[in-house]
Amino acid sequence: MARIKLFVPLIIFLVLAALLYLGLGHDPRELPSVLVDRPLPAFALPALGDDKALDQTLFRGGPHLLNVWGTWCGACRDEHPFLVELAAGGIPIIGLDYKDDPAAARRWLADMGNPYQEVIADGEGRLGLDLGVYGAPETYVVDATGVIRYRHVGILNAQIWRERIEPVYRKWLAP
Amino acid sequence: MAIAGWASAPGALADVEIEDLGSAVANARYATLIDELRCPQCQNQNLAASNAPIAGDLRAQVRRLLREGKSDTEIIDFLVGRYGDFVLYRPRWQPATYLLWLGPGGLLIAAGLTVVLVVRRQRRAPPKAVLDGAARATLTRLLDENGEHRMDDRR
């Protein structure tokens, strides 16, 4: 019994060390999303460039990516070519032009290619607020029933797509 | 800006919009709310201290909800429903935070109990007879000799 007691401090130390070590690998900027596994918030917003009204039924018919971007967002420029590539590969992407100038956004798409099936123009950031967007770019996987299944904050690149997002997308693609 | 970031005391405000919310009570509630709510982007600042655009948006939401007559709880629920528990500088009382709330007090009590137990056990233990008769005699002799020496020194 006394022998075992000798090891108590060592055990406490090891447990603490393990916890702190795990904490090192944890990115404090990545907030857990409250909205994962919840339906996309309802919205009624115009499409970028015309007055067509868009709402959450846009996401019916299969899983989609929802990409939050803006011309004011430098990282979105870095991300854009990969989105164009994804769209060329047949991945349906809906854009959310967040708190942006519509004219600048249209120029951006004309210059760099348009990977989006539709672009929701969220000039005032209402949908962004409902989604809890705190930075751009952000990318969500929304399933065929309009439920959010994944959220990625930051640039979407080939590695993140392959490792984190594609598996979720494929999972919800299956009937 | 940087200095405002280190201090989270009320009063360390960013370019907070000066806007009268109609009553001193509402203005005071606004000040308390933006002091206790955390900016999701600039992670170690509250809404009151942050100049980030998102903090400005959230302050505007708080003002809107206050003007709509929402209670503090409703306003906090609104933000937590979108940004998660992360926006709270004062964590809620819920299963995930029991350890957080009770941990420090629990550790203190455990440490106090340990100290009390150890001290009691030591007091209760009978003093051990360390020396046998012969050793005791030697010790007495040595002490006596020392005593004489001391007397000698003094002389």
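Q: Hi! Before we start, what puts two residues in contact here?
A: Two residues are in contact if their C-beta atoms, placed from the backbone, lie within 7 Å. Keep in mind that this is a predicted model.

Q: Okay, so how many residues does the contact take from chain A and from chain B?
A: Chain A gives twelve residues and chain B gives eleven residues.

Q: And how do the residues on the side of chain A divide by class?
A: Where chain A touches chain B, chain A has six nonpolar residues, four polar ones and two charged ones.

Q: Let's switch to helices in chain B. At what angle do H3(B) and H4(B) pack?
A: The angle is about 145°, and their axes are 10 Å apart. H3 covers residues 53-67 of chain B, while H4 covers residues 72-83. Their crossing is right-handed.

Q: Which residues make that contact?
A: From H3(B) come B:Leu58, B:Val62 and B:Leu65, and from H4(B) come B:Glu74, B:Ile75, B:Phe78 and B:Leu79. By class, six are nonpolar, one is charged and none is polar.

Q: Cool. How far apart are the axes of H2(B) and H3(B)?
A: Those axes are 11 Å apart, with a packing angle of about 145°. H2 of chain B spans residues 24-36. The crossing of H2(B) and H3(B) is right-handed.

Q: Who's touching there, and what classes are they?
A: H2(B) brings B:Ala26, B:Arg29, B:Tyr30, B:Leu33 and B:Ile34, and H3(B) brings B:Arg59, B:Val62, B:Arg63 and B:Leu66. Six of the residues in this contact are nonpolar, three are charged and none is polar.

How values were computed. Residues numbered from 1 in each chain as written. Chains lettered and ligands numbered in written order. Predicted model: local features only at pLDDT ≥ 70, side-chain atom pairs only at ≥ 80, totals over all residues. Axes fitted to C-alpha atoms, helices over the stretch in contact; angles between N-to-C directions. Helix = DSSP H or I, 4+ residues; strand = E, 2+ residues; numbered from the N terminus. Left-handed = near helix turned anticlockwise from the far one by under 90°. Nonpolar A, V, L, I, M, F, W, Y, C, P; charged D, E, K, R; others polar.
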